[in-house]
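Biologist: I am new to this one, so could you show it to me and walk me through it?

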Amino acid sequence: MLLSVKGLHKSFGDLEVLKGIDVEIEKGSVLAIIGPSGSGKTTLLRCLNALEMPNSGTFEFHDGFSLDFDKKLSKKELLTLRRKSGMVFQSYNLFPHKTALENVMEGPVIVQKKNKDQVRQSALNLFEKVGLADKVDLYPHQLSGGQQQRVGIARALAIEPELMLFDEPTSALDPELVGEVLQVIRDLAKEGWTIAIVTHELKFAEQVADQVLFFDGGHIIEQGPPLEILKNPKEQRTKQFLNRILNPS
Amino acid sequence: MAKMFLNNMIIATAGGVSDWDNILSSLWPMIQGGIQYTIPLTLFSFVFGLILALLTALARLSSSRILIGSARVYVSAIRGTPLLVQLFIIFFGLPNIGIVLDPFPSAIIAFSLNVGAYSSEIIRASILSIPKGQWEAGYAIGMTSRQALTRIILPQASRVSIPPLSNTFISLVKDTSLASLILVTELFRKAQEIAARTYNFLELYVTAAILYWIICFILSIIQDRIEKRLDRYIAK
């Protein structure tokens, strides 16, 4: 078990978005989080690296690092948590004033204080991996959405996280660019990266995920292997959701 | 205006060689005043002012009530009172409570405080104009707030703030002429001194105006260069 989350609560003002979530993420597994918009699934993902600070709950990592959100986190705890995971955003959020290569090198060089030459070499390898070896010196605005998102993935991988978080990584893309990004994520899954992904790509979830988690109204409605959840759901709300997605009227 | 100037020039020329010489020979003292006082006064005030402005902007954006409050009072007081009055308080007023400052440092203090207040609003607005996702992307690769601010946010905010800050800078060049009223022998003070002797008010003041114009013109060229340099990462 890489990470075990217990009793996660999160409210924005009076609005309770996460109502006591328990999740376990197996090392080397892919967890797909699906659910209607506004259900809190993105909030759940953003809580995993405290971009949203949970109101209460506990995290326990396999290496013994643990957090209790009932107490205020120290700066050190917060940074330790964030440096365990890499995040890929729906809107890429690349640094527009830096080239693709600089975007990827920023974390290892500035945050992890690694040797610049070595970082450059491993960054170039990452560009190879995401299929952008010829684009390293371009600025984000010179890249297509799919290319930008692949740089975003390389940037997250560069800090060598234990857990990769994907927040609807293909939702902002033109349909014809979705495939290239999903392919990169598929490769990462094959290489054994631990991945948590919020997605609307049900087919992708079915093929790549080890666990699918259906989320609605701040609760986990059901959870299990993709075939069970996507093909043979037990809960009425899951059925309705799948029905809406598969048969849009 | 131009016609009057020409007429006066003719009169000056007609009046004899000495008037014309007066104007020519006044040029160098005025340029000297510019180099010795106007330009240093502008540069020092702008640099100190920008540091003050950044600190004030960060105070306004902090979560401390005391910092936010004091920054607001400072900005409001400076923006709500005339620069000339501030200058007079520092130079003529402070001696009454035993603080006696020379004209030049008095002017630097007054102008820095002024630039600090006006530019803090510019810097605050440009920091706020950078999307929240940029902070988050910095945090997500493990950055501290300070790293995200200096590596990610400020470089982008500085690009946004160059045009309005250049306006402040150019206004400052011209505002330094107010220092003549507290006896700083800068460009305009030199013009006043010579004019008082020779009575060539129009010629001298127009010459002063042209000198200010030249300085500001050069500055706007530099501004243009900087903007182009910083624009390289923006889609055209």
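Modeller: Happily; here are a few questions and answers about surface patches, cysteines and a helix. This is a predicted model, in which local features need pLDDT of at least 70, side-chain atom pairs count only at pLDDT 80 or more, and totals for chains, interfaces and linings use all residues. Residues are numbered from 1 along each chain as its sequence is written, chains are lettered from A and ligands numbered from 1 in the order in which they are written, and side-chain values use heavy atoms, with hydrogens and water left out.

Biologist: Is Glu24(A) buried, partly exposed or exposed?

Modeller: Glu24(A) sits in strand 2 (residues 15-25) of chain A; strands are DSSP runs (E, at least two residues) and helices are runs of H or I, at least four, numbered from the N terminus. Buried means under 20% relative accessible area and exposed over 50%, with partly exposed in between (1.4 Å probe, protein chains only). At 42% relative accessibility, Glu24(A) is therefore partly exposed.

Biologist: How many disulfides does the structure hold?

Modeller: A disulfide is a covalent bond between the sulfur atoms of two cysteines. Here the term takes a pair of cysteine sulfur atoms within 2.5 Å. Cys47(A) is buried at 0% relative accessible area, and Cys216(B) is buried at 10%. Over all chains, the number of disulfides is 0.

Biologist: How far apart in space are Val173(B) and Leu43(B), C-alpha to C-alpha?

Modeller: Val173(B) lies in helix 7 (residues 145-175) of chain B, and its 2% relative accessibility makes Val173(B) buried. In sequence, Val173(B) and Leu43(B) are 130 residues apart. In space, their C-alpha atoms are separated by 8.8 Å.
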